[in-house]
Amino acid sequence: MKIVFFGTPQFAVPTLEKLLNHSEFEVLAVVTQPDKRRERGNKLTPSPIKAIATAHNLPVWQPERVKKDTETLSKLKQLDADVFVVVAYGQILSAKILNMPKLACINVHGSILPKYRGAAPIQWCLYNGEKETGITTMLMDVGMDTGAMLQIATTPIGLLDNAQDLADRLAEIGGDLLVETLLKLERKEIQPIPQDNLAATYAPLIQKPDYALDWSKSALQLHNQIRGFYPNCTATFRNNLLKITASAPLGSVSERDLPPELQELTHKLPDLSNISDRPGVVVSIAKGIGAIVQTGEGLLLLREVQLAGKRPQSGWDFVNGTRLTVGEVFGTGS
């Protein structure tokens, strides 16, 4: 099966690698986003997919707007590919492109469709506290993740999983599911299933205001925001911006969902539950772990934070380094 691969971030890498390592598939070329300038040194940096493609001596095309780039469109047409595979490419494909391959354009999407159509399905499913997610392979049409579904693979979501953890796991699942999907599609063993548009939800691009932590929310809501939008959620501390990169809601979730060291901590919660302070106030410090902060409902343990210009550090190192005391206040992020 002759394939053209469209993809850009690390999430797409396992799928491309599995195609390259499978004897039934021939990857003819790769289409990825143009190189980007990164903060450090402002140097142009290739996408993770370009790096893999270059290492395998594959042709790489990087149009600014693929549906308007006549040269790329001509090359794609000339390849006469069986399938276009699209994994987090980052551009919308036109109907002209979708109609080029002999069999289909197939997308590997990071949710159980029709839920979480759009650019950030992994982040928003965590934000909303989902207990399960998955990968859907689908036939592409001109809509936003609206095509008929081919196969679905699911995975549970742990309470402390963040967006990076989940993306890494889903990327591997997606690669395996795509290989299985292609083989079954070639053998005509798959019957596409139309999506139920009435059940659809949308996962838009994350905006800067989404990162701001508001301590009047519940501990569970804040925790889901922190892990969903990892590693960028912000609060203020002593008039400085502070990223909170790992947390745990205490008392508002099942104890068995927590790791052993935090289960032990919850045994002390009856004493803490009698403390009622305004949201954002440090009500206790868990020795060896970090600060416990009052929220609008419940208590939030700060397991990892990042001061401006510094590397992430454990909640306990932060307590020691700043000489944090009970009664200090965290403010809303920006």
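**Exercise 1. Work out whether Y230 is buried, partly exposed or exposed, and find what surrounds this residue.**

Step 1: get the class. Y230 has 28% relative accessibility, so this tyrosine counts as partly exposed; the scale puts buried under 20% relative accessible area, exposed over 50% and partly exposed in between, with a 1.4 Å probe and protein chains only. A word on the input: this is a predicted model, where local features need pLDDT of at least 70, side-chain atom pairs count only at pLDDT 80 or more, and totals for chains, interfaces and linings use all residues. Residues are numbered from 1 along each chain as its sequence is written, and side-chain values use heavy atoms, with hydrogens and water left out.

Step 2: place the residue. Y230 sits in the loop between α7 and β10 (234–237); helices (H or I, at least four residues) and strands (E, at least two) are DSSP runs, numbered from the N terminus.

Step 3: list the neighbours. Leaving out residues up to four places away in sequence, Y230 touches N162, A163, Q164 and T245, where contact means heavy atoms within 4.5 Å. For N162, the C-alpha to C-alpha separation from Y230 is 6.5 Å, although the two positions lie 68 residues apart along the chain.

**Exercise 2. Find where Q195 is and what its side chain reaches.**

Step 1: Q195 belongs to the loop between α6 (163–186) and α7 (219–228). With a relative accessible area of 10%, Q195 is buried.

Step 2: follow the side chain, which reaches the backbone oxygen of G147 at 2.7 Å.

Step 3: add the contacts. Beyond four places in sequence, Q195 touches several residues, including L113, P114, R117, M138 and G147.

**Exercise 3. How many salt bridges does the structure hold, and which residues are linked in a network?**

Step 1: run the search on the whole structure, and you get 10. The criterion is a side-chain nitrogen of Lys or Arg within 4 Å of a carboxyl oxygen of Asp or Glu.

Step 2: look at K18 and E172, whose closest N and O atoms are 3.5 Å apart in a salt bridge. This pair links distant parts of the chain: K18 is in helix α1 (residues 13–20) and E172 in helix α6, 154 residues apart. K18 is partly exposed at 22% relative accessibility, and E172 is partly exposed at 39%.

Step 3: extend the pair. K18, E172 and D176 are linked in a network of salt bridges.

Step 4: try another pair. D35 and K50 form a salt bridge at 3.2 Å, N to O. D35 lies in the loop between β2 (26–31) and β3 (36–37), while K50 is in helix α2 (residues 48–55). D35 is partly exposed at 25%, whereas K50 is buried at 19%.

**Exercise 4. How many disulfides are there, and why does C233 not bond with C125?**

Step 1: count the disulfides, and you find zero; the test is a pair of cysteine sulfur atoms within 2.5 Å.

Step 2: check C233. The closest cysteine sulfur is the one in C125, but this is 14 Å away, so it is too far for a bond. C233 is buried, with 0% relative accessibility.

**Exercise 5. Give the make-up of the chain in secondary structure and burial.**

Step 1: the count comes to 10 helices and 16 strands.

Step 2: of the 334 residues in the chain, 48% are buried.

Key
Polar contact = N/O pair within 3.5 Å; in protein donor to acceptor, adjacent residues only side chain to side chain.
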